[in-house]
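User: I have a model open and would like to learn how to read it. Can we go through it feature by feature?

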Amino acid sequence: MKAPTQKTAKPATDLVALARTGTDLDALEAGLAEAGGQIEVATRDRDAAEASYRENLLDATPAELEQIQVTKARAVVDLDRAEALTAALTRRIASVRDDRERDARRAQHADAVAKCDAIRQRLPAEYRRHALALRGLLRDLAEAEVAREQAEPLQADFGPIPPVENELRGLRSIPEQIIERTEIDLWVIDGRAEPMSADKQDDVQAKPGSNKGVYYTKNAGSHVGTGHPFHCTRRRFTRIRYHEAVREPWNSGSLLRLVNLPAFYAFGDDFVTSEQVRSAATALDHLSRELVERPEDQRPVQERFELVTAPLGDGRSGARVSPPLRSVA
């Protein structure tokens, strides 16, 4: 006769207590995993007892069959208890999660109440004080701008008056900055004013004892100039390396047009900001950003060529040069 497998121990009392009062989600989930293991063991014990009972019906004595039935009954009880424990732990986990989510919502609500209560105490007095101060500042700005506009016909005789907000917005023009001036001799195709590009300067075939030369275009797939000839003359240029001037356009969105700060009183007009539509979320996003200084000048270095003299005289070879004829960083 085959003996049934040994059943596992009954569920521990601490797992039962955890299923009833536990609040630690990690412990509850670990207990749920252990209860699931108990279900697997109890199921195997019950199935083994049933198989043993059928196999030994003809050979075992009545007493032995009764013992197998007792083992089977004990396995069924263990299985039922493990399933009940699993269900209790599952309900407890769901309850703890619900409580935590509710606590989080309650905390969010309490935080909103606290913030609103804090600013509610400050807003009536502080807003009115600051709004009136800004209102006075903007009134003086408007007076200055009216005077500037009225004096606009006089600026041609007495000098320009830039808008006041240029200083606030940083809209100041930056003049061109010369870095280096050098004189160099470059080949120029006859009839043109600009020198040939740097990659073609060395391809010009100079005539001995002369400032004249010929440049042959290159056929497709050939590195030798054998195409149409261009007659060239070596001329002297001033190569100027510089930072370009920056002239930023004036932003017509003046503070006087975009900001209205009336007094703060019951039934008064609503105040508006510099955006036509702004929600509390977008306002918070704008106001939470740190104000940063204007970045340093990052203008790229440019270069240009200005003709200095007429064509070089015969017998003058000039300096050989292959400078970049484009902007460089």
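Analyst: We start with the overall layout and then turn to helix packing, a hairpin, cysteines and single residues. Keep in mind that this is a predicted model.

User: How many helices and strands does the chain have?

Analyst: The chain has 8 helices and 5 strands. Their order along the sequence is α-α-α-α-α-β-α-β-β-β-α-α-β.

User: What share of the 329 residues is buried?

Analyst: Buried residues account for 25% of the 329 in the chain. The cut-off for buried is under 20% relative accessible area.

User: Now helix packing. How are two packed helices described?

Analyst: Two numbers do the job: the angle between the axes and the distance between them. Take helix α2, residues 25-55, and helix α3, residues 62-150. They pack at an angle of about 160 degrees, and their axes lie 8 Å apart.

User: Are α2 and α3 roughly parallel or roughly antiparallel?

Analyst: Roughly antiparallel, because the angle between α2 and α3 is about 160 degrees and the cut-off is over 145. The crossing of α2 past α3 is left-handed.

User: Which kinds of residues make up the contact of α2 with α3?

Analyst: The contact of α2 with α3 holds 18 nonpolar residues, 9 polar and 10 charged.

User: Let me look at single residues in α2. Is Thr 43 buried or partly exposed?

Analyst: Thr 43 sits in helix α2. Its relative accessible area is 23%, so Thr 43 is partly exposed. Asp 80 lies 37 residues from Thr 43 in sequence, and their C-alpha atoms are 9.6 Å apart.

User: And Leu 32: where is that residue?

Analyst: Leu 32 also belongs to helix α2. At 26% relative accessibility, Leu 32 is partly exposed. Ala 19 is 13 residues away from Leu 32 in sequence, with 8.8 Å between the C-alpha atoms.

User: On to strands. What is the general idea for side chains in a regular strand?

Analyst: Side chains alternate between the two faces of the sheet. For pairing, look at strand β2, residues 205-206, and strand β3, residues 212-218. These strands run antiparallel and are joined by 2 bridges. Ala 206 has Gly 213 of β3 as its bridge partner.

User: How many residues lie between the strands in the hairpin of β2 and β3?

Analyst: The hairpin of β2 and β3 has 5 residues between its strands. Look at Gly 209 there: its phi is positive, near 70 degrees.

User: What comes just ahead of that hairpin? Where is Val 204 found?

Analyst: Val 204 is in the loop between α6, residues 198-201, and β2. Its relative accessibility is 10%, so Val 204 counts as buried. Phe 230 is 26 residues from Val 204 along the chain, and the two C-alpha atoms are separated by 9.1 Å.

User: Is Asp 203 buried or partly exposed?

Analyst: Asp 203 is partly exposed, at a relative accessible area of 30%. Asp 203 is likewise in the loop between α6 and β2. Trp 187 stands 16 residues from Asp 203 in sequence and 10.0 Å from it in space, C-alpha to C-alpha.

User: Last topic, cysteines. How many disulfides does the whole structure have?

Analyst: The search of the whole structure returns 0 disulfides. The test is a pair of cysteine sulfur atoms within 2.5 Å.

User: Which label fits Cys 116, buried or partly exposed? And Cys 232, buried or exposed?

Analyst: Cys 116 has 39% relative accessibility, so it counts as partly exposed. Cys 232 is at 1%, so it counts as buried.

Conventions: Residues numbered from 1 in each chain as written. Predicted model: local features only at pLDDT ≥ 70, side-chain atom pairs only at ≥ 80, totals over all residues. Heavy atoms only, no water. Axes fitted to C-alpha atoms, helices over the stretch in contact; angles between N-to-C directions. Helix = DSSP H or I, 4+ residues; strand = E, 2+ residues; numbered from the N terminus. Parallel < 35°, antiparallel > 145°, perpendicular 65-115°, else oblique. Left-handed = near helix turned anticlockwise from the far one by under 90°. Nonpolar A, V, L, I, M, F, W, Y, C, P; charged D, E, K, R; others polar. Pairing = 2+ DSSP bridges. Buried < 20%, exposed > 50% of the residue type's maximum accessible area, 1.4 Å probe, protein only.
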